[in-house]
Amino acid sequence: MARATKWTDEKIKALKLAEGKAEQRVLVDAGLYLHLRAKANGETSRHWLYRAQVAGSRRWLSLGAFPEVGLAKAKAEALKHSTTHEAAKKGEADHPVLVARFERKARKEQATVADVFDEWIADKRLGSKRKGGAPVRERTITLLDDSYKADIKARIGDAKIAKLTPEALQTCIDAPRKRGAPGAAAHVYRTLRGLITFAIKRGHIDGADPMRGIENPRPYRPAPVNAANDAELVVLLNELNRSRLGLATKLAIEFQLLTGARPGEVREATWAEFNLNRAVWTLPATDGRKSAREFRVHLSPQALEVLKQAKALGGTKPVYVFPGTKDEKTPMEKMAVARALARLTERTLDAGGRKLRPHDLRRTFRTMLSRIGVAPHVAELCLNHQEKETMRRVYDGHDYTAEMADAWDRAGAHLQAIRDGAAQVVSIASKRA
């Protein structure tokens, strides 16, 4: 006969999912279970559950998350529900599941803006429909939290969310406008819009949408695309070669132009992500990156040549492809490429070039793909952008791997050609101008 486990908080904390399972319920005490669930970031969430029977059907009652609710408290709660359950069988009390249901309804009716904001953020960490069920990036959570603390919490944080008025919400949006920060006002609007939508869906607000009629003080209007044409690319590459910038910075700029990767992805690239024999760079699915899904970049001969030069930068056991100048075991400094492009600006402008920032290199790559005839949907896939056309997502199962590889090869060949003095592609609009 198996010996019963003597549970402690330490054992609960150390408990792991069985191999191959994404979630699991573990019996801890009579009617008390610990629900383990694998999270997208590799961690395991732990929630207490009480099992009960209602009209012959099994029901699970949440008792809170571990470690916020420890073992002793969870046992006490389970015992309380068990006692109530037995009394309900004799007609002496209401069933604990029904009691909990009414308590939840009462709490929703009394929930404050602060309560619902915390619930909203917790829900975003569990997963987002827009992210295909994956958690929202912590960077997004931080922006929402900063906006809430700066202009919402002190004004309406303690207010009952069900009783919010448009006037109270408008006051929060107007606060940053009055101090001359229209961008912050737009962030407050988007935070409130998301919070109120969540509150309505969860039943915290039953009635008219209090945000109805309130307009975004600064609607999103994309700025003109700042991308270099072929002539401006030649100027940039020439000035880059003539400059006294560090080799790692020069190579990082060129590598971004050849791959179209995001600045942070290039800066933090490690040699472990590369298979040079197969000419593939695999960007892992990590929370720190904008896209939380694995992505593979085909490496053109020109990109491989950049990597060949980069091999000498990291010493005998290199970790980062483009290491820092002070410590080769750390990535290049975050602002290194931005400062390098700023230093080149005066000379590139004098030579007929264009002022560029790090993300403009990615825009330049995308614009170059259009210029050399790469299909728009293939070019977007090369940027790791999800397909926006609904019908294509639903009906087109082709992965376009070969077409994307061809696009990266053509981009590398084109950059090499214009650098060597070949004819440049000039748009019709440029000719007319």
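Let me start with the lining of the largest cavity in this predicted model, which is made by T259, G260, A261, R262, E265, L283, F295, V297, R362, C382, L383 and N384. The volume of this largest cavity is about 50 Å³, and its lining residues divide into six nonpolar, three polar and three charged. As background, rolling a probe the size of a water molecule over the atoms shows where empty space is left.

The structure holds two cavities of 30 Å³ or more, and the second largest contains about 40 Å³ of space. Around that second largest cavity you will find L236, L341, L344, T345, T348, R354, K355 and L356, of which four are nonpolar, two polar and two charged. Helix α13, covering residues 336–350, gives the most to this lining, with four residues.

Let me turn now to the strands, and to V297, which I named in the lining of the largest cavity. V297 lies in β7, where it is the bridge partner of W281. Strand β6, residues 280–283, is joined to β7 by four bridges, and the two run antiparallel. Taken together, three strands form an open sheet in the order β5-β6-β7, with antiparallel pairing. Because β5 (274–275) and β7 (295–298) stand at the edges with a single partner strand each, one side of each is left without a neighbour in the sheet.

Finally, on the surface, M391, V394 and Y395 form a nonpolar patch, and together they have about 390 Å² of accessible area. One of these residues, M391, lies in helix α16, which spans residues 390–395.

Definitions and conventions. Residues are numbered from 1 along each chain as its sequence is written. This is a predicted model: local features need pLDDT of at least 70, side-chain atom pairs count only at pLDDT 80 or more; totals for chains, interfaces and linings use all residues. Side-chain values use heavy atoms; hydrogens and water are left out. Patches are made of residues with over 30% relative accessible area and no salt bridge: like charges are joined within 9 Å, nonpolar side chains (Val, Leu, Ile, Met, Phe, Trp, Tyr) within 5 Å. Accessible areas come from the Shrake-Rupley method with a 1.4 Å probe; for residues, only the protein chains shown count as cover. A salt bridge is a side-chain nitrogen of Lys or Arg within 4 Å of a carboxyl oxygen of Asp or Glu. Two strands pair if DSSP finds at least two bridges between them. On a 1 Å grid over the protein atoms alone, a cavity is a set of points where a 1.4 Å probe fits but cannot get out, and a pocket is an open set with protein on both sides within 12 Å along at least five of seven lines; lining residues have an atom within 4 Å of a point. Grid points are joined across faces, edges and corners, and a volume is the space filled by probe spheres set on the points. Ala, Val, Leu, Ile, Met, Phe, Trp, Tyr, Cys and Pro count as nonpolar, Asp, Glu, Lys and Arg as charged, and the others, Gly among them, as polar.
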